[in-house]
Amino acid sequence: MELPYFNESVIFTNSLEENHALIKDEFFNAVTKEEYLEWPESFLYNHGWNVFGLRFQHIDIFDANLLCPILSNFIKKYDNLIETAGFSILSPGTVINPHVGFTSDVLRCHLGIKVPEGDCCLKVGGVVRKWKEGESFIFDDTIEHEAWNRTNEDRVVLLMDLNKNVLLKDFSTIKIGGTTLYYAVPSTLSELKAILDFSGDRDLQFYILGNGSNVLISDEDFRGVVIKLSGTFREIAFHADVKCHGR
Ligand SMILES: Cc1cc2nc3c(=O)[nH]c(=O)nc-3n(C[C@H](O)[C@H](O)[C@H](O)COP(=O)(O)OP(=O)(O)OC[C@H]3O[C@@H](n4cnc5c(N)ncnc54)[C@H](O)[C@@H]3O)c2cc1C
């Protein structure tokens, strides 16, 4: 993990970006400034860094989840992957000093929700990047980073801490098994296709998991993609016009 930024570390970012407009509308319709909290590490910034959190270290914040049901469902869909989630708001003039995150167990994901024109950037490991609305990226926050908003408008991003490796034991009935490099929960056929393309492009092995009742998952870490089929993939349809051959 030498690079400060990752664009595609976790397949779920595709789905996050597809839902961007819904997440944004929900935030601006449901959340008022009175509900923001100041970012607790006040020594890190001058002023104006606020947060509206839905999940903190895997504990859901009940009222916030009620206000934002679309995002709440999204977080629950990726329950094991998402450790912390909330909106991070930088007011005009906010400067966050260079610092490092407090754990190496997670990677940090930002989805641009409202990004003003002008000097409003993140710098990770010396590399400066500007957020873009509807686009996400992931970075290693154990690398020194800083941020600033020298514009006249708020900057809003959806911030998520993602478990670096997803534990597969949580998905098996007998509760054993190591980690997987990638874990994906497609909702639609096109998402499933994107995941298979992702695996194929990188020569990664993939494994289909259902409810995990008939699998024995190894304690050795799986360096591929585990695809959990649930939701619409649990439906079976019989088509009279499709013929099977053979015995
Ligand atoms: C305690 C216990 C009780 C059970 N009781 C019953 C019962 O009463 N009636 C009954 O019918 N069965 C029962 N079963 C069997 C079990 O429910 C079935 O075998 C079930 O269909 C397994 O599905 P799963 O989604 O858990 O598959 P998993 O355990 O996730 O996977 C099993 C295998 O199927 C593959 N697989 C899973 N989903 C797909 C998919 N969509 N496409 C392709 N491959 C896939 C996986 O790669 C893996 O090789 C029981 C099992 C246990 C352990």
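Trainee: What domains is the protein divided into?

Mentor: The protein has domain 1 (5-163) and domain 2 (166-234). Keep in mind as we go that this is a predicted model. The C-alpha centres of the two domains lie 26 Å apart.

Trainee: What makes up the contact between domain 1 and domain 2?

Mentor: Domain 1 brings 10 residues to the contact and domain 2 brings 11 residues. On the side of domain 1 that touches domain 2, helix α1 (residues 12-18) gives the most, with three residues. That side of domain 1 holds five nonpolar residues, four polar and one charged.

Trainee: Let's turn to sheets. Why are β6 and β9 said to stand at the edges?

Mentor: Start with the order of this open sheet of four strands, β6-β11-β8-β9, which pairs in the antiparallel sense. β6 (95-99) and β9 (127-129) each have a single partner strand, so one side of each has no neighbour in the sheet, and that puts them at the edges. From one strand to the next, the twist averages 15 degrees.

Trainee: How do you know that β8 and β9 pair?

Mentor: Pairing needs at least two bridges. Three bridges join strand β8 (residues 120-124) to β9, and the two run antiparallel. Valine 124, for instance, stands opposite valine 127 in β9.

Trainee: What is the order of the sheet that has mixed pairing?

Mentor: That open sheet of four strands runs β13-β14-β16-β15. Its edges are β13 (166-167) and β15 (206-209), because each has a single partner strand and so one side without a neighbour in the sheet. Strand β14 (residues 179-184) and strand β16 (residues 222-228) pair in the parallel sense, over four bridges. Alanine 184 has isoleucine 227 in β16 as its bridge partner.

Trainee: Which strands does α5 lie across?

Mentor: Helix α5 lies across β14, β15 and β16, and runs at about 170 degrees to β16.

Trainee: How do you know that the span of α5 agrees with what is expected?

Mentor: Helix α5 (residues 189-201) has 13 residues, and at 1.5 Å a residue they should span 18 Å; the end C-alpha atoms are 18 Å apart, so the two values agree. After α5 comes aspartate 203, with a positive phi near 55 degrees.

Trainee: One last stop, the ligand. What makes up the shell around the ligand, by residue class?

Mentor: The shell divides into five nonpolar residues, six polar and no charged. Among the residues around the ligand are Thr173, Ile208, Gly210, Asn211, Ser213 and Phe233. Glycine counts as polar here, so Gly210 and Gly212 from that shell belong with the polar residues.

Technical notes. Residues numbered from 1 in each chain as written. Predicted model: local features only at pLDDT ≥ 70, side-chain atom pairs only at ≥ 80, totals over all residues. Domains from an automatic or database assignment. Contact = placed C-beta atoms within 7 Å. Expected span 1.5 Å × (residues − 1). Near = placed C-beta within 6 Å. Axes fitted to C-alpha atoms, helices over the stretch in contact; angles between N-to-C directions.
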